[in-house]
Amino acid sequence: MSKVVIIMGSKADLDWANKIVDALNGFKIDSECFIASAHKVPLECYNIIKEQEKHNPVFITIAGMSNALSGFSDAQTNCPVIACPPVGDSFAGADIYSSLRMPSGVAPMVILNPKNAALTAAKIIGLNNAEVRTEVSKFQEAQRQKLIEDNSSIRSN
């Protein structure tokens with residue numbers, strides 16, 4: 001595992017994907033993006049998954065409303081799949097249920113924040129990649145230091 005494959009349900013998800021790519025770049029992780037709807041072009045989606053699976057990636061899927069993409073992807077591969085559906089206002093946010101409720105034996109992780117999806121992918125890749133593991137540790141330490149500094153800034157006033 002050394003890269004992340006991002007599959008979007010449509011080009012409308014590109015801004016969301018770019019947030020993930022930016023965060024992955026911070027961990028020095030290569031990524032590649034594809035557009036393939038599990039509803040509209042399932043054979044194309046399947047072919048992308050099977051071709052990319054040869055490289056043992058972490059998959060991140062981006063689909064809202066009716067998220068068949070994440071479950072479909074997870075069911076086709078033994079590689080980890082992270083569902084990162086874009087936050088939507090439609091249906092009072094109830095469209096998230098299509099990402100949360102999966103059939104038995106289909107288990108994509110669901111992470112709603114693009115940066116956290118990248119962090120999770122980095123942790124998975126870091127299990128076998130010392131450089132990425134180091135980048136994750138640096139990131140976590142920077143998060144801790146920021147909180148310590150923030151606390152100091154309000155306590156010294």
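Of the 157 residues in this protein, 40% count as buried, where buried means under 20% relative accessible area, exposed means over 50% and partly exposed is what falls in between, using a 1.4 Å probe and protein chains only. Keep in mind that this is a predicted model: local features need pLDDT of at least 70, side-chain atom pairs count only at pLDDT 80 or more, and totals for chains, interfaces and linings use all residues. Residues are numbered from 1 along each chain as its sequence is written, and side-chain values use heavy atoms, with hydrogens and water left out.

**Stop 1: the whole chain**

Start with a cartoon view. You should find 6 helices and 5 strands; helices are DSSP runs of H or I with at least four residues, strands are runs of E with at least two, and both are numbered from the N terminus. Following the sequence, the pattern reads β-α-β-α-β-α-β-α-β-α-α. Along the principal axes, the C-alpha atoms fill a box of roughly 60 × 40 × 30 Å. If you plot a contact map (a contact being heavy atoms within 4.5 Å), residues 24 or more positions apart account for 69% of the contacts with a separation of 6 or more.

**Stop 2: the sheet**

Now select the strands. They make an open sheet of 5 strands in the order β2-β1-β3-β4-β5, with parallel pairing; two strands pair if DSSP finds at least two bridges between them. At the edges stand β2 and β5 (109-110), each with a single partner strand, so one side of each has no neighbour in the sheet.

Zoom in on β1, residues 3-8. 6 of its 6 residues are buried, so the strand is largely enclosed by the rest of the structure. Show the side chains: Lys-3, Val-5 and Ile-7 point one way, while Val-4, Ile-6 and Met-8 point the other way, and all are buried. Yes, that includes the lysine.

Next, add β2. It runs parallel to β1, and 6 bridges join the two. Two positions to label: Val-4 stands opposite Ser-31 in β2, and Val-5 stands opposite Glu-32 in β2.

Stay on Ser-31 for a moment. It is partly exposed, with a relative accessible area of 26%. Leaving out residues up to four places away in sequence, Ser-31 touches Val-4, Val-21 and Leu-24. Draw a C-alpha distance from Ser-31 to Phe-59 and you should read 9.6 Å, for two residues 28 apart along the chain.

**Stop 3: Thr-61**

Select Thr-61, in strand β3 (residues 58-62). Is Thr-61 buried or exposed? At 0% relative accessibility, it counts as buried. Show everything it touches beyond four places away in sequence, and you get Ile-7, Leu-69, Ser-70, Ser-73, Val-81, Ile-82, Ala-83, Cys-84 and Pro-85. Ile-7 is a residue you have already met, on β1.

**Stop 4: an aromatic pair**

Colour the rings. For Phe, Tyr and Trp (its six-membered ring), two rings pair if their centres lie within 6.5 Å; planes under 30 degrees apart count as stacked, over 60 as edge-to-face and the rest as tilted. By this rule there is 1 aromatic pair. Phe-27 and Phe-139 form it, edge-to-face, at 5.4 Å centre to centre with 70° between the planes. The pair links distant parts of the chain, 112 residues apart: Phe-27 sits in the loop between α1 (14-26) and β2 (30-35), and Phe-139 in helix α6 (residues 130-155). Phe-27 is buried at 4% relative accessible area, whereas Phe-139 is partly exposed at 33%.

**Stop 5: two backbone oddities**

Most residues other than glycine have a negative phi. Click on Lys-28, in the loop between α1 and β2, where phi is positive, near 60°. Then go to Asn-56, in the loop between α2 (42-53) and β3: its phi is positive too, about 50°. Asn-56 is partly exposed, with a relative accessible area of 42%.

**Stop 6: the largest pocket**

Finish at the largest pocket. On a 1 Å grid over the protein atoms alone, a pocket is an open set of points where a 1.4 Å probe fits, with protein on both sides within 12 Å along at least five of seven lines; lining residues have an atom within 4 Å of a point. Its volume, the space filled by probe spheres set on the points, is about 310 Å³. Which residues lie nearest its centre? Select Gly-9, Ser-10, Ser-37, Ala-63 and Gly-64, which are among the 14 lining residues. The lining divides into 6 nonpolar, 6 polar and 2 charged residues, with Asp, Glu, Lys and Arg counted as charged, Ala, Val, Leu, Ile, Met, Phe, Trp, Tyr, Cys and Pro as nonpolar, and the others, Gly among them, as polar.
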